[in-house]
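Trainee: Could we go through this model together? I would like to practise reading it.

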Amino acid sequence: MKTQDSHPQRAISLQLLLIVPFVVQIFGAVSLVGYLSFYNGQKAINALASQLMDRTSKAVDQHLDSYLSVPHKLLQMNADAIRLGFLDVRDTKMLERYFWHQMQAYDLSYIGFGLTTGAGGGAGRYDGKTVVIDEWRSSNGLNNALSYGTDQQGNRTQVVSTFTWNNFKETWYTEPVNAKKPVWSRIFTINYPNHPYVVASAGRPLYDANNRLLGVVAIDIHLLKLSDFLRNLQVSRGGQVFILERNGLLIANSGTQKPFVVVKDEIQRLQAIDSPNPVVRGVSQQLQQRFDSFQKIATSQNLQLSLQGELYYVQVTPWRDEYGLDWLVVVSVPKSDFMAQIDANTQSTIWLCFAALGVASVLSVFTSRWITQPILVLNRASKAIASGQLDQTVKESGIQELDGLASSFNYMAGQLQESFTALEESNTELESRVEARTGELKTTLEELRRSQAQVIQSEKMSSLGQLVAGVAHEINNPINFIHGNLTHAQEYTQGLLEFIQLYQQRYPDPGPDIESAAEEIDLEFLQSDLPKMLTSMKLGSDRIRQIVLSLRNFSRMDEAEIKPVSLDEGLDSTLMILQHRLKARPERPEIEVIKDYAQLPLVECYAGQLNQVFMNILVNALDALEEANADRSYAERQAHPSQITIETALMDAKWVQVAISDNGPGIPEQIKQQIFDPFFTTKPVGKGTGMGMSISYQIITEKHQGHLRCFSTPGKGTKFVIQIPIRQKAVS
């Protein structure tokens, strides 16, 4: 009997083993609940923030679409009225009153026009309340423009102010004229006393009925009202919205700070990164750092930015219209607006965890003592049996499971010696039987896999050969018939055409019925096009005959035994069959095939099986190239075209070599080691069986006593090298 170790490992107390897992489970469960609560809260906050920013961004987009579409719609109406003659640009007073009434109906800052003569006028609401009428003469002298007050009917009253004005120096006039279409001109500012004027001007060139330029009609719309709209949006307690141009200049923001400053009595618009609003300034600076330029923000972006030690959810959405505006709408929401309740719940969860841990610890101590007492009795009896005292018995403890264990222990003590002896004998016999059976199963499995591969290859080659040969045979006869008769048809047609020409020369004045028939069938076109059509049909039949010849050469149904064949013909036939995968497609250029054939003698081989090897290798190369092209643009594919290189060489007087390589992604080393194993494949289910390369290896090495090797570098391509003898003995 084996003696006990004099230095046993230090074991863990059963009582401690019962207490610790119990406490850990309780602590883990409570912690997991707390974590999941916190995690789900965070997830809900992220979703809520995203929904809030989406809703806010959509509200801003809708307002911009509505607010900024009015000027161009109104310009279209005014331009149409002038072009159709309903309004006369020469009657400036009538136009000014017409614009005055439009100012009453629409929330605009100015509606006016400038003519090619230099004259013009309009109606404006510069202070946001009172509408005045402006008129200027074509003279470019000083004080050539007057501004009139108006009554409730739009009539002029007294002169409010005089000023100097020149259409041809104003962007609202020059930019629509140069563009020759409706556009937004650059945002401009005027510092009226107590009424800053920051507007975007929509302009549209005016043309008369003869498409001659008359001038420009323009509408100003106040951009500071966008800030009023943004302030009324219900984002969140600390949420902010601002709009900026692609050049970084602020247009509007939801804060109390204005998007401009007054320097030397002139309005200067602010860059967003220089805004006095710390949130606008900080978010803009980080956006510029992340994207390098506001111009590069092409799609809506959802970001999380750290600003002044606090995390902000930020959404940037481009807004554009068809007249040239290209702005960015930025919505920012501080995470702290949502996290207060979650932080409170987290603290409650931590206190509950500690409370549950304390209760679990007390219960586990009492429970462990109750369970360990009878187990300690069993432990002492087990040690006695281990020392050779097999007549041990254990009393019942009152716990059902432990009582059953005690009964089993008592029975075990009586049967232990006999069981030990029987177990040793059975173990020896079982090891011998398992070892013998394992060897048999291993041999059987190898034979089964080899047989299965051979059956699949045989059936595949037979079916493919019969199908290809049958199709080629069925096509060959009718195409030969068509090809042979096309020559005669061409001769007959030429004769008939010459006869018609001779007839036309001898009888230049045919009857009206013949002239009508000639015009109906377009005889002149028929005489020139019919020979071309017959030539095209002959070229088509030649192409079909070449394809049929390639199919017959590939199948080699009439050469099932070893025969001398040309490897070049087998390679070309395989390439002809795969032509549909090589040619150019709308999504990629043509896959280039580079042939470097040496002058080879005829090689004795199983031609059909060798063609199948070529097919397997070329199909794998095409699959690899298509996989590599999937992540490249058309320009990248055109700059670095996919290539397959086929080289043949005479190694010596007895051996030839065929090398097929591609410039695809290559094969990793761990996959290359298994590439010739049966049923190994990296393709998705339904795309490959994993037998192609295994059968190819068997055809080259066993059927032709040759070598098939694979060389590959990841990122640089793959190369398969086939080496077979020129003369060989037939192998059954």
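Trainee: Which residue is the bridge partner of Val241 in strand 16?

Mentor: Happy to help, and keep in mind that this is a predicted model. Strand 10 covers residues 240–245 and strand 16 covers residues 326–334, and the two pair in the antiparallel sense over 6 bridges. Across in strand 16, the partner of Val241 is Val331.

Trainee: Which are the edge strands of the open sheet of 5 strands?

Mentor: Start from the strand order, 11-10-16-15-14, with antiparallel pairing. An edge strand here pairs on one side only. That leaves strand 11 (250–253) and strand 14 (301–307).

Trainee: And by what angle are neighbouring strands of this sheet turned against each other on average?

Mentor: Direction is ignored for this value. On average, the turn between neighbours in the sheet is 25°.

Trainee: Which helix lies across strand 14, and at what angle to that strand does the helix run?

Mentor: Two helices are worth looking at here. Helix 4 (residues 224–231) lies across strand 10, strand 11 and strand 16, at about 35° to strand 11. Helix 5 (residues 278–291) lies across strands including strand 14 and strand 15 (310–320). The one you want is therefore helix 5, running at about 120° to strand 14.

Trainee: How many of the residues lining the largest cavity are charged?

Mentor: The structure holds 4 cavities of 30 Å³ or more, and the largest has a volume of about 50 Å³. Its lining includes Arg588, Glu590, Arg632 and Arg637. The lining divides into 3 nonpolar and 2 polar residues, and the number of charged ones is 4.

Conventions
Residues are numbered from 1 along each chain as its sequence is written. This is a predicted model: local features need pLDDT of at least 70, side-chain atom pairs count only at pLDDT 80 or more; totals for chains, interfaces and linings use all residues. Side-chain values use heavy atoms; hydrogens and water are left out. Two strands pair if DSSP finds at least two bridges between them. Helices (H or I, at least four residues) and strands (E, at least two) are DSSP runs, numbered from the N terminus. Axes are lines fitted to C-alpha atoms, for helices over the stretch in contact, and angles run from 0 to 180 degrees between N-to-C directions. Contact means heavy atoms within 4.5 Å. On a 1 Å grid over the protein atoms alone, a cavity is a set of points where a 1.4 Å probe fits but cannot get out, and a pocket is an open set with protein on both sides within 12 Å along at least five of seven lines; lining residues have an atom within 4 Å of a point. Grid points are joined across faces, edges and corners, and a volume is the space filled by probe spheres set on the points. Ala, Val, Leu, Ile, Met, Phe, Trp, Tyr, Cys and Pro count as nonpolar, Asp, Glu, Lys and Arg as charged, and the others, Gly among them, as polar.
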